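Open the structure in a viewer and keep the selection tool at hand. This tour goes from stop to stop, saying what to select and what is there.

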Amino acid sequence: MIGDQAGTSGGIHGGWTGTVLRVNLSRATIKKESLRQDWAREYVGGRGLGARYLWEESDPNVDPLSPKNKLLFVTGPLTGTNASCGARYMVVTKGALTGAITTSNSGGHWGPELKCAGYDMIIVEGRAPRPTYLWIHNDEVELRDATHLWGKGVWDTEEMIRSESGVPDTIVASIGPAGENLVRFASIMNDLHRAAGRSGVGAVMGSKMLKAIAVRGTGGVKLADARGFMAASWAMKAKLKESAVTAEGLPTYGTEVLVNVINEHGAMPTRNHTETIFEKAEDISGETLTETRLVANKACFACTIACGRVTKLPGEASSKFMVNTNPRNWKIAGEGPEYENAWAMGADCGIGDLDALIKTGWLCNDYGMDPITYGATLAAAMEMYEKEIITNSITGMPLRFGSADALVAMAEKVAFRDGFGDLLAEGSKRLTARFGHPEFFMGVRGQEFPAYDSRAIQGMGLGYATSNRGACHLKSYTVSPEILGIPTKMDPHVTEGKAEITKIFQDITSAVDATGLCLFLTFGVGLEEMLPQLVAATGVSYTMDSLTQAGERIWNLERLWNERAGLGKGSDTLPKRMLEQPIPSGPAKGMVNRLGEMLPEYYRLRGWTADGKVTAAKRKELGLV
Amino acid sequence: MAKQLRIIPEKCTGCIQCELACSFVQTGTFQPARSLIRVHLFDDQASYAPYACFQCDEAWCLTACPVNAITISAAAAKVVVPELCVGCGLCTIACPYGTVWYSPDTHKAVKCDLCAGDPACAHACPTGAIEYVDTPAADWLGPWAADLNQTHAEMRSGGGA
Ligand code: SF4
Ligand code: SF4
């Protein structure tokens, strides 16, 4: 490694707290350690720092659900500051859905609370002998029995911990029944509706018998240069107020603003990606949601965008979709849906019933599972049902495209692994393989695609194929230039220039993910606007070059980790449907994804071998072991 | 009339930029636990209520203080004079809104002093939910007390039913 050993130089002046909490559940031990400052400087925080620790400490070949897998909760140096969107923490582990390194992040108040309690990150090891939760109140850290919480939904869990602790401002990150039952796409939830959603981080937590981490922190986040920091954070906020997306689009319609946009481009995967235009898009759009169901906007900690949607169901809808388990708080307002889950449970399943989507989104939040993979897995099952590969005797109920009843009912069955829900709980790769039709799995590295068809947006295909955590919209969002024209417009149908933009986006995104800021900022500001805050907070003289290189370092380290995990050569690919089956209608009619035109150039730009291996020269350049 | 904080809860998104700004003024760090303006998140009702000292005309905190440590500043704020405050905590009990705090660090009372006429929270709020404007010092508790009296009267008259 480049840089020096922990604690030998510099010292921490702000941004990071300098303390790591190590919790071994098997031995019931808790240790406070100094943060490796050399790693902090090179990998910044969040996604990067987490990857570095995981690389050092955990064998990529472990079973993700075994006690040997480690589960890291990592904040960034800007988490807990007043930098707009400085709310993020990252969960880093080997994903239960994918077997790849995963980095799932969440907003709300949990990450900042952890910083205020005095910790940059928590490393969770082993497996508790019985249901347990971790209690953190500043210096006071202990493992507590969670037997009485096991089986409870996320919302009850938060409330019960808060009331039994007698500390009303406690912020809780927890799993619901889905995580306990090792649903492969279980999420970790905080603040009721905020999710570290994808790749099954909740199942890893469940396998450790860790129900929750409850935090109350009353300390403060320090800054190396307070005056400089305030000036920089004001400047960024002013910029955010000027952008059409961060000042108008997101606050007015939330992420759901994208439904009509993407549909008009013929890029909205519909009925398990058999089509790309959803005829009922209008019914589930941000415009409709805002006009008919929105109660208020909600912001995460320090966020000046406030994209969160608080929605309310009319009484009839609430009771129409009531399922068996009936927590008292299901009739009140909740949050969502966001674009991704409205797509997965909506268009991808052919369902245009907004109320069913809101309801099932809440169910997913309370059960603690990822609505993207849930919706996409149900969509794959629906295609198999329509093609009569599976029948009622297996599914227990008709699974026709468009069935809102199936959507609501199956959510509960998945969370509790009841009946056919037990098979859905494995995700669509395992589900389709089980019935001999892996061609109906729509994803990469075991993780289902998000809401953009890669035949209509070529760059997204390359991004999905090379994404370290499996198909994901958050690792190189080239929808931004290809559809929205941010920062400049690119033609979504061509492959030229896509390798380059994908590499740049992947590296910059990795850097943003390491700071503790929210990716949505990038709609309104660039890394250069975030940089001065990072420098002033930490006192480390990052430059655009060194920060972008930190992003590239993170990307390459994740790649190396995956190589070690056996996900190397040949895994950068897309399903046949994307590569060979042309889009049947709409603006992108006749198109397939031309991955073969982009991948070799991408490898070359990355400085990797022709079959995508990280070279020794690249490792040396980035200071990687 | 004096300038004071006017809070419009309907505009609030719960971002707590106001708490961060307030704690920064006091401590130089971002420490919401030390903020003198607090945002309560009523998650299940989708509402957020920022609240801070109302700078009451007839200030209960000021009246309650046994050593006259609470005075009125040039910005017409009720302020705690730390040199006089003996940390008895009576004002924290007297304030009907719970907006005077006891500081475990200084062992004295702390409350909003309107940042000497330039409140940081109002600057920081991105949605305009906090305004610093000329506004009459209303009898904030009046309508609430009237409501409560009415309810009690109804309960008494319907009592036994
Ligand atoms: S601290 Fe309380 S009693 Fe004193 S002026 Fe403010 S609101 Fe009134
Ligand atoms: S800064 Fe404004 S919008 Fe944010 S919590 Fe405070 S009052 Fe609400």
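## First stop: a bridge in chain A

Select A:R417 and A:E426, whose side chains form a salt bridge with the closest N and O atoms 2.7 Å apart. This is a predicted model, and each distance on this tour is computed from it. A:R417 counts as partly exposed, because its relative accessibility is 22% and the partly exposed class lies between 20% and 50%. A:E426 is also partly exposed, at 21% relative accessibility.

Keep A:E426 selected and add A:R184. A:E426 forms a salt bridge with A:R184 too, and here the closest N and O atoms are 3.1 Å apart. This pair links distant parts of the chain, with the two positions 242 residues apart in sequence. A:E426 sits in the loop between α17 (421-424) and α18 (428-434) of chain A, while A:R184 sits in the loop between α5 (177-180) and β10 (188-190). Is A:R184 buried or exposed? A:R184 counts as buried, at 17% relative accessibility, because the cut-off for buried is under 20%.

## Second stop: A:D355 and A:R293

Now select A:D355 and A:R293. Their side chains meet in a salt bridge of 2.6 Å, N to O. This pair also links distant parts of the chain, 62 residues apart: A:D355 belongs to helix α13 (residues 354-367), and A:R293 lies in the loop between α10 and β13 (294-298) of chain A. A:D355 has a relative accessibility of 13% and counts as buried.

Next, select A:R22, A:E33, A:E57, A:K70 and A:E125 together. Salt bridges that share partners join these residues into one network. Over all chains, a search of the whole structure finds 43 salt bridges.

## Third stop: a charged patch

Turn to the surface and select A:E264, A:E282, A:D283 and A:E291. What kind of charge gathers in this patch? The charge of these four residues is negative. One of them, A:E291, is placed in helix α10 (residues 286-292) of chain A. A:E291 is exposed, with a relative accessible area of 68%.

## Fourth stop: chain A as a whole

Clear the selection and show chain A alone. Its secondary structure comes to 26 helices and 17 strands. The radius of gyration of chain A is 22 Å, close to the 25 Å given by the globule rule for 625 residues, so chain A is as compact as a globular protein of that length. Along the principal axes, the C-alpha atoms of chain A fill a box of roughly 65 × 55 × 45 Å. Of the 625 residues, 66% count as buried.

## Last stop: chain B

Switch to chain B. How many helices and strands does chain B have? There are five helices and eight strands. To follow them in order, start at the N terminus and trace β-α-β-β-α-β-β-α-β-β-α-β-α. The C-alpha atoms of chain B fill a box of roughly 60 × 40 × 35 Å along the principal axes. Buried residues make up 42% of the 161 residues in chain B.

Finish by selecting B:P50, found in strand β3 (residues 47-51) of chain B. B:P50 counts as buried, at 8% relative accessibility. Add B:P143 and draw a line between the two C-alpha atoms: B:P50 and B:P143 are 19 Å apart in space and 93 residues apart in sequence.

Terms used: Residues are numbered from 1 along each chain as its sequence is written. Chains are lettered from A and ligands numbered from 1 in the order in which they are written. This is a predicted model: local features need pLDDT of at least 70, side-chain atom pairs count only at pLDDT 80 or more; totals for chains, interfaces and linings use all residues. Side-chain values use heavy atoms; hydrogens and water are left out. Patches are made of residues with over 30% relative accessible area and no salt bridge: like charges are joined within 9 Å, nonpolar side chains (Val, Leu, Ile, Met, Phe, Trp, Tyr) within 5 Å. Accessible areas come from the Shrake-Rupley method with a 1.4 Å probe; for residues, only the protein chains shown count as cover. Lys and Arg count as positive and Asp and Glu as negative; His and the chain ends are not counted. The place of a charge is taken as NZ of Lys, CZ of Arg, CG of Asp or CD of Glu. Helices (H or I, at least four residues) and strands (E, at least two) are DSSP runs, numbered from the N terminus. Buried means under 20% relative accessible area, exposed over 50%, partly exposed in between (1.4 Å probe, protein chains only). The radius of gyration is taken over C-alpha atoms; the globule rule is 2.2 Å times the number of residues to the power 0.38.
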